[in-house]
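Reader: I should be grateful for a close look at the charged side chains of this model and at how they are paired. Please treat the matter in one connected account.

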Amino acid sequence: MRFLTIKKTVFFILFISLAIYILFIKSELYESSSSVIIKNLESKQSDLGLSLFVSGTTSSMQDSKIVETYLSSFDELQKLDKLFGLKKHYSSEKVDPVDRLYSWSKKEDFLKLYRKRLQLMYNEMSGILSIGFLHTDPKTAKAIVEQLIRDANEQINIYNKTVAQKQLSFIQKQVEANKKELEESIKALEKFQNSHTLLDPTQDAQTKHSLVAALESGLIEKRAKLNELRNYMNEESFEIIRLKHEIAEIERTLKKIRQNMANPKKEALNTYIFEYERLKNLVELNKELYKQSLLQLESIKADLHKNSKTLLVLTKPYLPDGYAYPQKAKAILTLALILGLLYGIVSLIEAIIKEHFD
């Protein structure tokens with residue numbers, strides 16, 4: 001009976017002590033929160049309405065995770081500490097002894113307590129990010145949430161500008177490389193033209209083909225006329241001899257031109273054409289690559305001077321009227337259930353032990 005009385009007294013004192021702690025000592029925390037969505041300013045206006053009802057894209061999810069990571073970081077905590085004196089506040093009597101920071105507390109303890117008060121929740125279906133904060137002062141809670149939104153908006157653009165800066169560095173090197181390739185291909189084409197005294201072998205070939213066609217046409221006419229004269233004139237006549245000489249001269253000229261156009265023993269005109277076309281196409285290719293790299297360079301430069309993304313505030317931070325934590329009635333009821341369960345377990349163990357000895 002004495003042990004039973006002691007047991008009940010211990011559990012009663014434990015319950016009263018914890019209840020007093022919850023009711024009178026535990027810090028009453030006020031919560032202010034806001035809902036935001038990351039909007040890409042370069043996307044179409046209609047995308048915003050759709051993004052609220054369909055699942056978020058990989059890009060918006062990535063941006064939200066970047067924001068969550070940054071707001072939970074020690075860098076952001078240091079900013080807020082300078083503005084709102086969080087470390088001094090967490091070390092004061094306004095914070096209950098369990099959560100309070102002490103002289104021996106480490107930076108990790110400070111960060112852990114900050115993350116405990118920071119409320120972040122991302123909805124993958126809608127792409128909406130909820131940002132909240134718990135503080136013993138409702139006005140400070142609201143001000144901290146407003147600062148968190150400003151810092152998140154700034155950080156997401158710093159991140160994108162950092163990415164753009166790295167892209168700019170890469171594309172600048174690419175522009176210089178493409179420019180060098182273009183200049184070298186132009187010099188190679190000029191060298192080829194100067195060494196062969198040909199401005200455009202293609203035009204030269206077209207001219208020679210036209211000349212060959214004209215000569216062949218004249219040759220056919222003269223041969224036809226020669227055959228016609230042979231019907232009524234002697235082979236030794238002046239007209240026939242003259243036509244034979246003209247036909248022979250045209251044939252020699254045609255042979256010479258054709259050999260010049262395609263002679264396997266020396267660089268022929270068709271070889272010039274193939275080499276010229278290769279060099280010319282290489283110049284055009286390098287010119288197009290250089291043009292595209294310049295366009296990319298200008299686009300990235302424009303991105304560096306503008307905020308391509310922003311946080312749209314769907315619900316503004318509000319000033320809470322009452323504290324959100326702890327939920328005292330729920331906490332005391334839970335405490336009573338846990339202690340009751342624990343009391344039952346102890347009583348059961350006691351009965352088993354007593355029965356064993358009997």
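Which residues are linked in a network of salt bridges?

Author: The network of salt bridges links K26, D96, D99, K116 and R117. As this is a predicted model, its confidence deserves a word before the details. The chain has a mean pLDDT of 81, with 83% of its residues at 70 or more. Residues 44-56 have a pLDDT below 50, and in the model this stretch makes 19 contacts beyond near neighbours in sequence.

The setting of these charges may be described next. The chain comprises 358 residues, of which 33% are buried. Eleven helices and four strands are found in the chain. Taking contacts between residues at least 6 apart in sequence, 79% join residues at least 24 apart. About 23,400 Å² of the chain is exposed, and 59% of this area is supplied by carbon and sulfur atoms.

Across the whole structure, a search finds eleven salt bridges. In general, side chains of opposite charge can pair when their charged atoms come close. Three pairs within helices may be taken in order.

In helix 3, which covers residues 58-71, E68 and K65 stand three residues apart, so about one helical turn separates them. Their side chains form a salt bridge with an N to O distance of 3.7 Å. E68 is buried, at a relative accessible area of 16%, whereas K65 is partly exposed, at 38% relative accessibility.

In helix 9, residues 238-261, the partners are E249 and R252, again three residues apart and about one turn of the helix from each other. Here the salt bridge between the side chains has an N to O distance of 2.4 Å. E249 is partly exposed, and its relative accessible area is 40%.

Helix 10, residues 269-304, holds K287 and E284; because they are three residues apart, about one helical turn lies between them. The side chains of K287 and E284 meet in a salt bridge at 3.8 Å, N to O. Both partners are partly exposed: K287 has a relative accessible area of 42%, and E284 has one of 41%.

R100 presents another case. This residue is located in the loop between helix 5 (86-90) and helix 6 (107-117). R100 is buried but has no salt bridge. Its nearest side chain of opposite charge is that of E93, at 5.6 Å, whereas a salt bridge requires a side-chain nitrogen of Lys or Arg within 4 Å of a carboxyl oxygen, so the pair of R100 and E93 does not qualify.

What the side chain of R100 does meet is backbone oxygen. One such atom belongs to V95, which the side chain of R100 reaches at 2.8 Å. Another is the backbone oxygen of S92, lying 3.2 Å from a polar atom of the R100 side chain. Leaving aside residues up to four places away in sequence, R100 touches Y90, S91, S92, E93 and V95. S92 and V95 thus appear both among the residues touched and as the owners of the backbone oxygens just described. E93 is likewise touched by R100, although no salt bridge is made by R100.

To return to the request, charged side chains of this model take part in salt bridges within helices, as with E249 and R252 in helix 9, and in a network that includes D96 and D99. R100, by contrast, is buried without a salt bridge, and its side chain reaches the backbone oxygen of V95.

Terms used. Residues are numbered from 1 along each chain as its sequence is written. This is a predicted model: local features need pLDDT of at least 70, side-chain atom pairs count only at pLDDT 80 or more; totals for chains, interfaces and linings use all residues. Side-chain values use heavy atoms; hydrogens and water are left out. pLDDT is the predictor's confidence in each residue, from 0 to 100. Contact means heavy atoms within 4.5 Å. Helices (H or I, at least four residues) and strands (E, at least two) are DSSP runs, numbered from the N terminus. Buried means under 20% relative accessible area, exposed over 50%, partly exposed in between (1.4 Å probe, protein chains only). Lys and Arg count as positive and Asp and Glu as negative; His and the chain ends are not counted. A polar contact is a pair of N or O atoms within 3.5 Å; within protein, one must be able to donate a hydrogen and the other to accept it, and residues adjacent in sequence count only if both atoms are side-chain atoms. Accessible areas come from the Shrake-Rupley method with a 1.4 Å probe; for residues, only the protein chains shown count as cover.
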